[in-house]
Amino acid sequence: MWVAVLAAAVLADAPEPCRGGSCGAAWNGRLVGGVAMPVKSRHTVLHGGKARQRSAYGTRELVELLTRAANVVGASVDGPPLVVGSLSDHDGGKLAGHKSHQTGRDVDILFYARDPAGKRRQSVGFYDFDGAGRCTHRRCEGWTFDDQRNWWLVRTMVWSKRPVVQWIFVSNPLRERLLAYAERRGEHPEILRRARKVLTQPGNSSPHADHYHVRVYCSVEDKAAGCRDGGPRWDWVGR
Ligand SMILES: [Zn+2]
């Protein structure tokens with residue numbers, strides 16, 4: 001009996017089996033063979049530059065999605081690069097200041113913004129924006145949320161087939177603002193339907209009025225090797 005209890009306890013503590021890629025759950029896992037976001041590419045830049053690259057590792061799929069989405073935005077509406085915050089550490093696991101970000105499937109992204117003169121400018125930091133699209137921090141007084149570029153980013157992400165995006169966490173006022181903008185511009189109903197599900201203000205952390213947090217589902221290969229999704233599986237995701 002004690003042997004069985006002891007064995008169960010040891011098993012419960014043992015790391016989940018993993019054969020590479022994104023391993024375990026986003027909040028309790030690790031990353032094997034991750035890829036680093038470049039410090040700078042044509043349409044992306046790392047927040048904090050080279051010093052922050054050690055926490056810029058993600059699955060190849062996620063890094064490719066970020067690059068692709070930023071390229072789509074940059075090609076559609078000219079302007080400064082997308083500012084990318086933390087992904088995961090080289091080997092994943094606990095990342096200071098975050099609950100998730102452990103398996104290379106999470107990323108923080110700054111909002112596209114305009115300066116007080118209305119010029120599109122690179123986002124300066126993690127500062128709150130309200131539902132009227134105004135930055136409410138004194139360090140970005142007069143700056144506004146760039147509806148057009150932010151929507152292009154969201155629509156590209158929710159339409160991605162590989163990886164499929166599970167969540168884009170963002171505050172309710174900004175979520176409403178984005179969806180209202182998309183409706184006004186006559187967005188495709190299926191893109192709108194998906195965005196309504198994916199754009200969410202999380203209940204268990206900050207409201208995300210100062211950045212997006214994007215999470216993608218496990219790829220088919222990673223899932224077979226020990227990647228674990230949590231939460232809803234949207235009806236457009238393959239089995
Ligand atoms: Zn995050």
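The paragraphs below go through three helices of this predicted model and then several residues in its loops.

Helix H3 covers residues 147-158. Its twelve residues should span 16 Å at 1.5 Å a residue, and the C-alpha atoms at its ends are indeed 16 Å apart. H3 is mostly covered, with eleven of the twelve residues buried. The buried set includes the charged residues Asp147, Arg149 and Arg155, and also Trp151, Trp152, Leu153 and Val154.

Asparagine 150 is a residue of H3 that can be looked at more closely. Asparagine 150 counts as buried because its relative accessible area is 0%, where the cut-off is under 20%. Leaving aside residues up to four places away in sequence, asparagine 150 touches Phe111, Tyr112, Phe145, Leu178 and Tyr212. One of these, Leu178, is among the residues of helix H4 that meet H3. Glutamate 64 lies 86 residues from asparagine 150 in sequence, and the two C-alpha atoms are 18 Å apart in space.

Helix H4 runs over residues 172-184 and has 13 residues. From its first C-alpha to its last it reaches 18 Å, close to the 18 Å expected at 1.5 Å a residue. Which residues of H4 are buried? They are Leu174, Arg175, Leu178, Leu179, Tyr181 and Ala182. Viewed down the axis of H4, these buried residues fall within an arc of 155 degrees, so they line one face of the helix. The background is that an α-helix has 3.6 residues a turn, so residues three or four places apart point the same way. The buried residues of H4 pack against several elements: strand S10 (144-145), helix H3, helix H5 (189-198), strand S12 (199-200) and strand S13 (212-216). After H4 comes glycine 186, with a positive phi near 70 degrees.

Two of the elements that pack against H4 are helices, and each contact can be described in turn. How do H3 and H4 lie relative to each other, and at what angle do their axes cross? The axes come within 10 Å and cross at roughly 90 degrees. H3 and H4 are therefore roughly perpendicular to each other. On the H3 side the contact involves Asp147, Gln148, Asn150, Trp151 and Val154, and on the H4 side Arg177, Leu178, Tyr181 and Ala182. By class, the residues of this contact divide into five nonpolar, two polar and two charged.

The axes of H4 and H5 come within 11 Å and cross at roughly 180 degrees. H4 and H5 are therefore roughly antiparallel to each other. Arg175, Leu179, Ala182 and Glu183 of H4 make this contact with Leu192, Ala195 and Arg196 of H5. The contact of H4 with H5 has four nonpolar residues, no polar ones and three charged ones. Ala182 of H4 takes part in the contact with H3 and in the contact with H5.

Within H5, the residues Ile191, Leu192, Arg194, Ala195 and Val198 are buried. They cover an arc of only 165 degrees around the axis, which puts them on the same side of H5. What covers these buried residues includes H3, strand S11 (165-169), H4 and S12.

The remaining residues lie in loops. Most residues other than glycine have a negative phi, and most peptide bonds are trans. Proline 163 is found in the loop between H3 and S11, and the peptide bond that leads to it from arginine 162 is cis, with omega near 0 degrees.

Histidine 208 lies in the loop between S12 and S13. Its phi is positive, near 65 degrees, in a residue other than glycine. Histidine 208 is buried, with a relative accessible area of 6%.

Histidine 101 is in the loop between S6 and S7. Its phi is near 60 degrees, again a positive value in a residue other than glycine. Is histidine 101 buried or exposed? Histidine 101 is buried, with a relative accessible area of 1%.

Serine 86 also has its place in the loop between strand S6 (82-84) and strand S7 (106-109). Serine 86 is buried, with a relative accessible area of 8%. Not counting residues up to four places away in sequence, serine 86 touches Arg52, Ser55, Leu95, His98, His101, Asp106, Val107 and Asp108. Histidine 101, described above, is thus one of the residues in contact with serine 86.

How values were computed
Residues are numbered from 1 along each chain as its sequence is written. This is a predicted model: local features need pLDDT of at least 70, side-chain atom pairs count only at pLDDT 80 or more; totals for chains, interfaces and linings use all residues. Side-chain values use heavy atoms; hydrogens and water are left out. Helices (H or I, at least four residues) and strands (E, at least two) are DSSP runs, numbered from the N terminus. The expected span of a helix is 1.5 Å times one less than its number of residues. Buried means under 20% relative accessible area, exposed over 50%, partly exposed in between (1.4 Å probe, protein chains only). The arc is that of the directions from the helix axis to the C-beta atoms. Contact means heavy atoms within 4.5 Å. Axes are lines fitted to C-alpha atoms, for helices over the stretch in contact, and angles run from 0 to 180 degrees between N-to-C directions. Angles under 35 degrees count as roughly parallel, over 145 as roughly antiparallel, 65 to 115 as roughly perpendicular and the rest as oblique.
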